[in-house]
Amino acid sequence: MPLFYRAVQASLANKDGNKLWHLNLVKAGETVDTQQLAETIAEKSSLTPGDVQNVVRNLMSAMRDYLLNSRTVRLDGLGTFTMKASTRGNGVESADKVNPNQISHLKCQFTAEYTRPAAIGTTRALVQGVQFMYADLLKSSTKGDTPSGGGDGEGEDPAA
């Protein structure tokens, strides 16, 4: 299945006074949850959906323990997870005054794993072989399952 996209015009003009058009990824269907993933993985393995869900829950628990102990977690073939803190607007005058109360938000950052196959260049493991389809084509070819706006930040700010 392809990645769906649509054209979005920037709300702000560039330095030449033009409001440029940008690609914005569009999500199709409902979000896939842990149960659906467990069922799909179970179909491809000798595990039951319950076994897979147990592994996923334990994976998340173990990752949380490592991440909250200042470690980075790398899942081969998937990517790397690390904790990031932002102190946006909460700087202090000297290093000895730095403290956790400055944190405006804490997040777990994911970076997809990439490989460099010979003579192909850089590709990311999860996006190899990606295809694209203009979202308006989807509306005319499916019934009732139209894409919704991308909510994960992909192409969200066309003025940037």
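Which residues line the second largest pocket? They are T34, L37, A38, I41, V52, V55, V56, L59 and M60. The model is predicted. Its chain has three helices and nine strands, and three salt bridges occur in the structure.

**Overall fold**

- The order of elements along the sequence is β-β-α-α-β-β-β-β-β-β-α-β.
- The chain has 160 residues, and 17% of them count as buried.
- The accessible surface of the chain is about 12,200 Å². Carbon and sulfur atoms account for 52% of that area.
- Take the contacts between residues at least 6 apart in sequence: 42% of them join residues at least 24 apart.

**Second largest pocket**

- The space in this pocket amounts to about 200 Å³.
- Two helices, α1 (34-43) and α2 (49-67), each supply at least two residues of the lining.
- Helix α2 gives the largest share of the lining, with five residues.
- By residue class, the lining holds eight nonpolar residues, one polar residue and no charged ones.
- Among the lining residues are T34, L37, A38 and I41, as well as V52 and V55.

**Salt-bridge network around R74**

- R74, D76 and E113 are joined in a network of salt bridges.
- In the R74 and D76 pair, the closest N and O atoms are 2.5 Å apart.
- R74 also forms a salt bridge with E113, at 3.1 Å from N to O.
- The R74 and E113 pair links distant parts of the chain, 39 residues apart. R74 sits in strand β3 (residues 73-75). E113 sits in the loop between β5 (105-112) and β6 (114-115).
- Is E113 buried or exposed? E113 is buried, because its relative accessibility is 14% and the cut-off for buried is under 20%.
- R74 is exposed, because its relative accessibility is 53% and exposed means over 50%.
- D76 has a relative accessible area of 63%, so D76 also counts as exposed.
- The R74 and E113 bridge therefore pairs an exposed residue with a buried one.

**Salt bridge between K97 and E93**

- K97 and E93 form a salt bridge, with their closest N and O atoms 3.9 Å apart.
- That pair meets the criterion because the limit is 4 Å.
- K97 is partly exposed, at 44% relative accessible area.
- E93 is exposed, at 76%.
- Side chains of opposite charge can pair when their charged atoms come close.

**I103 and its surroundings**

- Where does I103 lie? I103 is in the loop between β4 (79-86) and β5.
- I103 has a relative accessible area of 37%, so I103 counts as partly exposed.
- Neighbours within four places in sequence aside, I103 is in contact with A85, S86 and T87.
- From I103 to K84 the C-alpha to C-alpha distance is 10.0 Å, and the two residues are 19 apart in sequence.

**Points to check in the structure**

- For the pocket, start at α1 and α2, which each supply at least two lining residues.
- For the network, start at R74, which forms salt bridges with D76 and with E113.
- For the loop between β4 and β5, start at I103 and look for its contacts with A85, S86 and T87.

Methods:
Residues are numbered from 1 along each chain as its sequence is written. This is a predicted model: local features need pLDDT of at least 70, side-chain atom pairs count only at pLDDT 80 or more; totals for chains, interfaces and linings use all residues. Side-chain values use heavy atoms; hydrogens and water are left out. On a 1 Å grid over the protein atoms alone, a cavity is a set of points where a 1.4 Å probe fits but cannot get out, and a pocket is an open set with protein on both sides within 12 Å along at least five of seven lines; lining residues have an atom within 4 Å of a point. Grid points are joined across faces, edges and corners, and a volume is the space filled by probe spheres set on the points. Helices (H or I, at least four residues) and strands (E, at least two) are DSSP runs, numbered from the N terminus. Ala, Val, Leu, Ile, Met, Phe, Trp, Tyr, Cys and Pro count as nonpolar, Asp, Glu, Lys and Arg as charged, and the others, Gly among them, as polar. A salt bridge is a side-chain nitrogen of Lys or Arg within 4 Å of a carboxyl oxygen of Asp or Glu. Buried means under 20% relative accessible area, exposed over 50%, partly exposed in between (1.4 Å probe, protein chains only). Contact means heavy atoms within 4.5 Å. Accessible areas come from the Shrake-Rupley method with a 1.4 Å probe; for residues, only the protein chains shown count as cover.
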